[in-house]
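Let's walk through this model together, one spot at a time. Have the sequence and the 3D view open side by side.

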Amino acid sequence: MRTLGEVDVVVVLSFLGLFFMVVVVKVLHKLWWTPNRIQRLMAVQGIKGPSYRFIHGNTKQISAMKKESMTRAMEGLSHNILPKVLPHIDSWIGMYGKNYLQWIGPQPQLVITEPELIKEVLNNRNRAYPKLEAKGFLRKLLGDGLATAKGEKWAKLRKLANYAFHGDSLKGMNPAMISSVEKMLERWKNYEGKEVEVFEEFRLLTSEVISRTAFGSSYQEGKKIFDMMQKLTLLFSRNTFKVSFPGFR
């Protein structure tokens with residue numbers, strides 16, 4: 001006969017084994033069964049896309065395609081920048097059609113490019129398309145502003161934004177914008193015969209205009225805040241296609 005201690009050990013081990021099995025089933029249900037079921041249901045409706053990969057979805061493919069596109073220079077001047085900035089969308093539209101399904105980890109994303117469908121989503125008359133909840137670095141970057149607010153708070157912020165972008169309000173910003181551009185052009189005189197990093201120059205110009213029109217100051221006075229926002233934006237862009245797990249960073 002078994003002693004009381006041996007029985008306790010068996011009970012504990014049985015409990016741990018059962019607990020482990022439940023966790024495994026839940027993980028497989030979320031990370032394998034559900035994504036594949038969604039993929040099959042969407043395929044029946046004519047919506048196809050790249051195959052779901054366990055845990056990562058399509059994030060590794062997207063990251064690899066973006067990295068590869070950044071190593072190639074654009075051939076001449078062109079407005080066709082989609083293959084450069086969003087190569088995965090450009091490629092998969094050609095393979096799966098204007099509307100397709102992609103995966104960010106186990107989270108499905110329905111990508112639509114048809115103007116009429118885009119208009120329907122943006123109008124959202126029946127509130128059928130809720131906003132995605134901003135998380136992580138994106139939440140820190142956007143805060144509780146117009147982009148993330150919902151309901152009455154969104155309506156209030158939208159009303160304030162409408163006033164700020166009213167024609168008369170924009171006309172009042174003209175002097176500050178002109179002054180900022182003149183300041184930039186004056187600085188460019190020092191680069192005569194040299195290359196100019198236009199992206200950085202226009203970033204500084206945008207920051208200067210925002211500082212003058214929104215806060216009545218200058219870029220130099222708010223330089224620390226703008227630099228912190230730039231670093232936060234960089235962190236967000238680097239982590240956009242990385243799958244995270246609770247408790248792991």
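Asn-124 sits in the loop between helix H5 (115-123) and helix H6 (136-142); helices here are DSSP runs of H or I with at least four residues, numbered from the N terminus. Keep in mind that this is a predicted model, where local features need pLDDT of at least 70 and side-chain atom pairs count only at pLDDT 80 or more, while totals for chains, interfaces and linings use all residues. Residues are numbered from 1 along each chain as its sequence is written, and side-chain values use heavy atoms, with hydrogens and water left out.

Back to that loop. Phi of Asn-124 is near 45 degrees, a positive value in a residue other than glycine. Most residues other than glycine have a negative phi. With 14% relative accessibility, Asn-124 counts as buried (buried is under 20% relative accessible area, exposed is over 50% and partly exposed is in between, using a 1.4 Å probe and protein chains only).

Ile-55 also has a positive phi, about 70 degrees, although it is not a glycine. Look for Ile-55 in the loop between helix H1 (4-44) and H2. Its relative accessible area is 22%, so Ile-55 is partly exposed.

Now for H1. UniProt, in an unreviewed entry, places a "transmembrane region" at residues 12-33; UniProt positions follow the numbering used here, feature names are shortened, and annotations may be inferred rather than shown by experiment. In the model, residues 12-33 are 100% helix and 0% strand, and the C-alpha atoms at the two ends lie 30 Å apart.

Ile-38 is in helix H1 too. Leaving aside neighbours within four places in sequence, Ile-38 is in contact (heavy atoms within 4.5 Å) with Leu-101, Trp-103 and Pro-108.

Here are two pairs, with C-alpha to C-alpha distances, plus the accessibility of one partner in each.

| Pair | Sequence separation | Distance in space | Accessibility of one partner |
|---|---|---|---|
| Ile-38 and Leu-101 | 63 residues | 9.7 Å | Ile-38: 25%, partly exposed |
| Val-85 and Lys-66 | 19 residues | 7.2 Å | Val-85: 36%, partly exposed |

Val-85 belongs to helix H3 (residues 82-85).

How do H2 and H4 cross? The axes of helix H2 (residues 59-70) and helix H4 (residues 87-96) come within 8 Å and cross at roughly 110 degrees. Axes are lines fitted to C-alpha atoms, for helices over the stretch in contact, and angles run from 0 to 180 degrees between N-to-C directions. H2 and H4 are therefore roughly perpendicular to each other (65 to 115 degrees; under 35 is roughly parallel, over 145 roughly antiparallel and the rest oblique). On the H2 side, Gln-61, Ile-62, Met-65, Lys-66 and Ser-69 meet Pro-87, His-88, Ser-91 and Trp-92 of H4. By class, that contact has four nonpolar, four polar and one charged residues; Ala, Val, Leu, Ile, Met, Phe, Trp, Tyr, Cys and Pro count as nonpolar, Asp, Glu, Lys and Arg as charged, and the others, Gly among them, as polar.

His-88 of H4 is worth a click. At 2% relative accessibility, His-88 counts as buried. Not counting residues up to four places away in sequence, His-88 touches Ile-62, Met-65, Lys-66, Tyr-100 and Gln-102.

Last stop: the axes of helix H8 (residues 167-188) and helix H9 (residues 198-215) come within 9 Å and cross at roughly 150 degrees. By class, the contact of H8 with H9 has ten nonpolar, three polar and five charged residues.
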